[in-house]
Amino acid sequence: MSGGYSMTAVLEARGLGKRYRRLWALSDCTLSIPAGHIVGLVGPNGAGKTTLLNLAAGLLAPTTGTIEVLGGPAPVSPAELARVGFLAQDSPVYAGLPVADHLALGARLNPRWDEELARGRIDRLDLDLGQKAGKLSGGQRAQLALTLAIAKRPELLLLDEPVASLDPLARREFLQDLMEAVAEQGLSVVLSSHLVADLERVCDYLIVLVGSRVRVAGPVEDLLATHHLLSGPRRDPDTLPAGQQVISASHTDRQTTLLVRTSDPVLDPAWTVSEVGLEDLVLAYMSQAAGRGRRNHHLEVQK
């Protein structure tokens with residue numbers, strides 16, 4: 001990890017695995033997530049993202065390996081659970097309960113509950129306290145769920161595909177609110193998503209998880225600065241200097257295009273060097289890890 005970033009890990013996994021009968025949903029996962037970031041966790045369907053977040057939230061127990069959250073075991077006791085906020089897929093709320101009852105429940109279940117913050121968000125979002133959650137729009141339900149997660153004043157917020165089902169405007173509002181909450185509270189956030197444009201908008205740290213293994217991890221700024229797209233006359237990638245790691249390669253009869261990772265400047269005049277966007281970087285690592293083309297992956301690129 002680069003200089004200037006906190007070395008304190010909010011989530012640390014070593015050889016972590018979870019098996020359901022004979023199927024491994026996560027296996028041999030090792031990673032360290034630093035504090036003070038909005039971390040984007042991205043990968044194809046079945047990569048183990050949801051299982052990892054459920055393990056971190058204390059909802060599942062590991063089959064193999066260990067996971068530490070905020071310096072200790074995954075949360076189990078009320079005091080530990082109070083430090084971790086978790087928002088599962090599809091922003092679960094109680095359809096038959098009015099908004100006001102959700103807040104009352106939050107206050108009863110969470111020792112660090114911030115009633116002023118919760119009420120302030122509900123007012124600003126213009127949610128009717130008497131309205132049942134089942135009658136709210138998808139965006140309103142997501143915002144209610146986020147309010148409950150933030151108002152418990154967690155140190156770590158885990159979000160599993162929180163905006164996948166929302167329309168673009170509701171997604172943008174949700175993510176904007178998330179960034180404001182992080183700035184105000186100093187939260188650490190781990191956000192899993194298929195939507196690269198959303199990750200690009202809010203995340204400053206990226207983890208690409210494929211087949212339950214971490215393929216690349218680091219501050220987004222550093223990753224973009226050390227990856228380059230090279231194009232030039234056709235050649236064998238094995239002839240590149242030792243310091244240039246080839247992540248993906250494609251060839252035509254006359255031309256070669258490579259995505260390489262290197263900290264050194266690319267000095268070969270035969271190459272045209274271009275910057276790499278987050279989308280291309282993510283897809284290259286997913287294709288490399290899976291050993292097949294990007295068309296097989298369920299990764300959505302939405303603007």
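1. A salt bridge is taken here to be a side-chain nitrogen of Lys or Arg lying within 4 Å of a carboxyl oxygen of Asp or Glu. On that criterion the structure, which is a predicted model, holds 11 salt bridges. The points below take up several of these contacts and then turn to one of the sheets.

2. One of the salt bridges is formed by R124 and D177, whose closest N and O atoms are 3.5 Å apart. This pair links distant parts of the chain, since R124 belongs to helix α4 (residues 115-124) and D177 to helix α6 (residues 168-185), with the two positions 53 residues apart in sequence. D177 has a relative accessibility of 8% and therefore counts as buried, the cut-off for that class being under 20%.

3. Helix α6 also supplies R171, whose side chain meets that of D198 in a salt bridge with an N to O distance of 2.9 Å. Here too the contact links distant parts of the chain, with D198 placed in helix α7 (residues 196-202) and R171 in helix α6, 27 residues apart. Both partners, D198 as well as R171, are buried.

4. A further salt bridge joins R235 to D268, and the closest N and O atoms of this pair are 2.9 Å apart. Because R235 lies in the loop between β11 and β12 while D268 lies in the loop between β13 and β14, the contact ties together parts that are 33 residues apart in sequence. R235 is partly exposed, with a relative accessible area of 25%, and D268 is likewise partly exposed, at 30%. Elsewhere, R83, R112 and E155 are joined into one network by salt bridges that share partners.

5. The strands that flank those two loops belong to an open sheet of 4 strands, which has the order β12-β13-β11-β14 and antiparallel pairing. Its edge strands are β12 (245-251) and β14 (272-275), each of which pairs on one side only. From one strand to the next, the twist averages 25°.

6. Within this sheet, strand β11 (residues 227-233) and strand β13 (residues 255-261) run antiparallel and are joined by 7 bridges. As a point of reference for the register of this pair, P233 stands opposite Q255 in β13.

7. Which loops hold the two partners of the R235 and D268 salt bridge, when the strands β11 to β14 are taken as landmarks? R235 is in the loop between β11 and β12, and D268 is in the loop between β13 and β14.

Technical notes:
Residues are numbered from 1 along each chain as its sequence is written. This is a predicted model: local features need pLDDT of at least 70, side-chain atom pairs count only at pLDDT 80 or more; totals for chains, interfaces and linings use all residues. Side-chain values use heavy atoms; hydrogens and water are left out. Two strands pair if DSSP finds at least two bridges between them. Axes are lines fitted to C-alpha atoms, for helices over the stretch in contact, and angles run from 0 to 180 degrees between N-to-C directions. Buried means under 20% relative accessible area, exposed over 50%, partly exposed in between (1.4 Å probe, protein chains only).
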